[in-house]
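Student: I'd like to learn how to read a model like this one, feature by feature. Can we go through it together?
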Amino acid sequence: RIIDSSGAHSPDDIMLFVEEDKVLFAGDLYFTGRIPFVGNADSKAWLAALDRMLEVHPAIVIPGHGEASSAPDKDMALTREYLVFLRKNMGEAVENMVQFDDAYKQIDWSRFQNLPAFQQANRVNAYGTYLLMEQTSLHKQ
């Protein structure tokens, strides 16, 4: 079964679920044991896609990056927590009109800083999320 998750990580996201084997090919929506690359992804849509992953109750998830997962609930928790953390902190910065560089320096990144890909991806992820939250706040007005 093909599961459309367009607009989450990228405009053309899809997942493939092999029902008889309970194997989900999740692509770049699922990362195991590392910080995901968020860039300019729609993290709200991404969080919804993570929910759709769990709805099919996969036994194994094949991620776009990292090892296959036989504990999807546990392994997905890191990506979910990270995306929620980015949205919360960047959203608060936007709401309080704090410039990105200042907000980035003020955030306690210790929960994530020792994970693989943090140094390479975190600032880009935070900035992309900051811009997303800015756009979201403009559409509320």
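Tutor: Sure. Let's begin with a term: helices and strands here are DSSP runs, at least four residues for a helix and at least two for a strand, numbered from the N terminus. Keep in mind that this is a predicted model.

Student: Then let's try that on one residue. Where is the place of Arg-87?

Tutor: Arg-87 sits in helix H2, which covers residues 72-95.

Student: And how do I read its charge? Which side chain of opposite charge is nearest to Arg-87?

Tutor: The general idea first: side chains of opposite charge can pair when their charged atoms come close. For a salt bridge, the cut-off is a side-chain nitrogen of Lys or Arg within 4 Å of a carboxyl oxygen of Asp or Glu. Here the nearest candidate is Asp-42, 4.7 Å away, and Arg-87 has no salt bridge even though it is buried.

Student: What is Arg-87 in contact with, leaving aside its neighbours within four places in sequence?

Tutor: Ser-43, Lys-44 and Leu-47 are on the list, and so are Thr-129, Leu-132 and Met-133.

Student: OK, now the pairs that do form. How many salt bridges does a search of the whole structure find?

Tutor: Six. One of them joins Asp-51 to Arg-80, with the closest N and O atoms 2.4 Å apart. That pair ties together distant parts of the chain, since Asp-51 belongs to helix H1 and Arg-80 to helix H2, 29 residues apart. Both partners are partly exposed: Asp-51 has a relative accessibility of 38%, and Arg-80 has 24%.

Student: What about a pair inside one helix? How many residues apart are Glu-92 and Lys-88?

Tutor: Four, about one turn of the helix, with both in H2. Their side chains meet in a salt bridge at 3.1 Å, N to O. Glu-92 is partly exposed at 37%, and Lys-88 is partly exposed too, at 48%.

Student: And Lys-74 with Asp-75: are those two buried or exposed?

Tutor: One of each. Lys-74 counts as exposed at 65% relative accessibility, whereas Asp-75 is buried at 18%. The cut-offs behind those words are under 20% for buried and over 50% for exposed. The two side chains form a salt bridge of 4.0 Å, N to O.

Student: Let's step back to the fold. What pattern does the protein follow along the sequence?

Tutor: β-β-β-α-β-α-α-α. In numbers, that is four helices and four strands. The radius of gyration is 15 Å, close to the 14 Å that the globule rule gives for 141 residues, so the protein is as compact as a globular protein of that length. As for its outline, the C-alpha atoms fill a box of roughly 50 × 35 × 20 Å along the principal axes.

Student: How do I judge the inside against the outside? What share of the 141 residues is buried?

Tutor: Buried residues make up 44%. On the outside, the protein exposes about 7,900 Å², and carbon and sulfur atoms supply 52% of that area. For the contacts, take those with a separation of 6 or more: residues 24 or more positions apart account for 64% of them.

Student: Which residues form a nonpolar patch on the surface?

Tutor: Ile-2, Ile-14, Leu-16 and Phe-25, with about 390 Å² of accessible area together. Within that group, Ile-14 lies in strand S2, residues 14-18, and Ile-14 is exposed at 51% relative accessible area.

Student: Last topic, the backbone. What is the phi of His-57?

Tutor: It is positive, about 55 degrees, although His-57 is not a glycine. His-57 is in the loop between helix H1 (43-55) and strand S4 (60-65), and His-57 counts as exposed at 56%. Now look at Met-97: its phi is also positive, about 55 degrees, and Met-97 is not a glycine either. Met-97 is placed in the loop between H2 and helix H3 (100-106), exposed at 73% relative accessibility.

Student: One more loop residue, then. Where is the place of Asp-21?

Tutor: In the loop between S2 and strand S3 (23-31). Asp-21 is exposed at 51%. From Ser-5 to Asp-21 there are 16 residues in sequence and 21 Å in space, C-alpha to C-alpha.

Definitions and conventions: Residues are numbered from 1 along each chain as its sequence is written. This is a predicted model: local features need pLDDT of at least 70, side-chain atom pairs count only at pLDDT 80 or more; totals for chains, interfaces and linings use all residues. Side-chain values use heavy atoms; hydrogens and water are left out. Buried means under 20% relative accessible area, exposed over 50%, partly exposed in between (1.4 Å probe, protein chains only). Lys and Arg count as positive and Asp and Glu as negative; His and the chain ends are not counted. Contact means heavy atoms within 4.5 Å. Patches are made of residues with over 30% relative accessible area and no salt bridge: like charges are joined within 9 Å, nonpolar side chains (Val, Leu, Ile, Met, Phe, Trp, Tyr) within 5 Å. Accessible areas come from the Shrake-Rupley method with a 1.4 Å probe; for residues, only the protein chains shown count as cover. The radius of gyration is taken over C-alpha atoms; the globule rule is 2.2 Å times the number of residues to the power 0.38.
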